[in-house]
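User: Hi! I'm new to this one, could you walk me through it?
Analyst: Happy to. Let's bring it up and go piece by piece.

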Amino acid sequence: MKFDHVAVNVKDIKTSTNWYVDVLGAEILYVDDTWAFLKAHGCKIALTLKSQHPAHICFSITEEEKNENYSDKVFKLHRDGSSSCYVKDPDGNFIEYLIWPE
């Protein structure tokens, strides 16, 4: 397991994307009307709409780790070919476990 990204809920994807690019010098990895994926200073940041995704911390895992530790979780397939599931910590914060396609 390794850290993958942090997701922050924003009000407007375009406005927030421009802010992260201008202020942090972020590189745009992907952007559309519903979410953006950026890289700034070695860290990946997802800008999401609250209606689409919860704010969260994401860790990438392998299929083997999924089978060993998260076989009871339902992983949802995403448009980019990745799949993930969300779990809540004891305080209600979301953690995402993500499997990138090989």
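**A chat about the chain**

User: Let's start with Asn-18: how exposed is Asn-18?
Analyst: Asn-18 is partly exposed, as its relative accessible area is 40%. Keep in mind as we go that this is a predicted model.

User: Where does Asn-18 sit?
Analyst: Asn-18 belongs to helix α1, which covers residues 13-24. If you want a distance to check, the C-alpha atoms of Asn-18 and Ile-28 are separated by 9.5 Å, and these two residues are 10 apart along the chain.

User: Ok, zooming out. How many helices and strands does the chain have?
Analyst: The chain has two helices and eight strands. Following the sequence, the pattern reads β-α-β-β-β-β-α-β-β-β.

User: And in what order do the strands form the sheet?
Analyst: The eight strands form an open sheet in the order β2-β3-β4-β1-β5-β8-β7-β6, with mixed pairing. Its edge strands are β2 (27-31) and β6 (76-77), each of which pairs on one side only.

User: Mixed, got it. What does β1 pair with, and in which sense?
Analyst: Strand β1 (residues 2-9) is joined to β5 by five bridges, and these two run antiparallel. Five bridges also join β1 to β4, but that pair runs parallel.

User: Can you give me residues to click on? Which one stands opposite His-5?
Analyst: Opposite His-5 you'll find Cys-58 in β5. For the pairing with β4, try Val-6, which stands opposite Ile-45.

User: What about β3 and β4, parallel or antiparallel?
Analyst: Antiparallel, with six bridges between β3 and β4. One pair to look at there is Leu-38 with its bridge partner in β4, Ile-45. So you can come at Ile-45 from two strands: Leu-38 is its bridge partner, and Val-6 stands opposite it as well.

User: How many residues lie between β3 and β4 in their hairpin?
Analyst: Two residues lie between them in that hairpin, and the turn includes His-41. The loop holding His-41 runs between β3 (35-40) and β4 (43-48). Phi of His-41 is near 55 degrees, a positive value in a residue other than glycine.

User: Is His-41 buried or exposed?
Analyst: Exposed: the relative accessible area of His-41 is 69%.

User: Switching to β8. How many of its residues are buried?
Analyst: Five of the six residues of strand β8 (residues 94-99) are buried, so the strand is largely enclosed by the rest of the structure.

User: Which strands does β8 pair with?
Analyst: β8 pairs with strand β5 (residues 56-60) in the parallel sense over five bridges. With strand β7 (residues 83-88), β8 pairs in the antiparallel sense over six bridges. You can see the β5 pairing at Ile-57, whose bridge partner in β8 is Ile-95. For β7, look at Ser-83, whose partner in β8 is Ile-99.

User: What's in the turn between β7 and β8?
Analyst: β7 and β8 form a hairpin with five residues between them, and Gly-92 in that turn has a positive phi of about 90 degrees.

User: I spotted Glu-96 in there too. Is Glu-96 buried or exposed?
Analyst: Glu-96, which lies in strand β8, counts as buried because its relative accessibility is 5%, and buried means under 20%.

User: What does Glu-96 touch?
Analyst: Leaving out residues up to four places away in sequence, Glu-96 touches several residues, including His-5, Ile-57, Cys-58, Phe-59, His-78 and Tyr-86. Ser-84 is among its contacts too, and the C-alpha atoms of Glu-96 and Ser-84 lie 6.6 Å apart, although the two are 12 residues apart in sequence.

User: Last topic, the whole chain. What are its dimensions?
Analyst: Along its principal axes, the C-alpha trace spans about 40 × 30 × 25 Å. The radius of gyration is 14 Å, which agrees with the value near 13 Å that a compact globule of 102 residues would have.

User: And what share of the residues is buried?
Analyst: Of the 102 residues, 35% count as buried. The accessible surface comes to about 6600 Å², and 53% of it belongs to carbon and sulfur atoms.

User: What about charges?
Analyst: There are 11 positive and 16 negative charges, and their mean positions are 6 Å apart.

Terms used: Residues are numbered from 1 along each chain as its sequence is written. This is a predicted model: local features need pLDDT of at least 70, side-chain atom pairs count only at pLDDT 80 or more; totals for chains, interfaces and linings use all residues. Side-chain values use heavy atoms; hydrogens and water are left out. Helices (H or I, at least four residues) and strands (E, at least two) are DSSP runs, numbered from the N terminus. The radius of gyration is taken over C-alpha atoms; the globule rule is 2.2 Å times the number of residues to the power 0.38. Buried means under 20% relative accessible area, exposed over 50%, partly exposed in between (1.4 Å probe, protein chains only). Accessible areas come from the Shrake-Rupley method with a 1.4 Å probe; for residues, only the protein chains shown count as cover. Lys and Arg count as positive and Asp and Glu as negative; His and the chain ends are not counted. The place of a charge is taken as NZ of Lys, CZ of Arg, CG of Asp or CD of Glu. Two strands pair if DSSP finds at least two bridges between them. Contact means heavy atoms within 4.5 Å.
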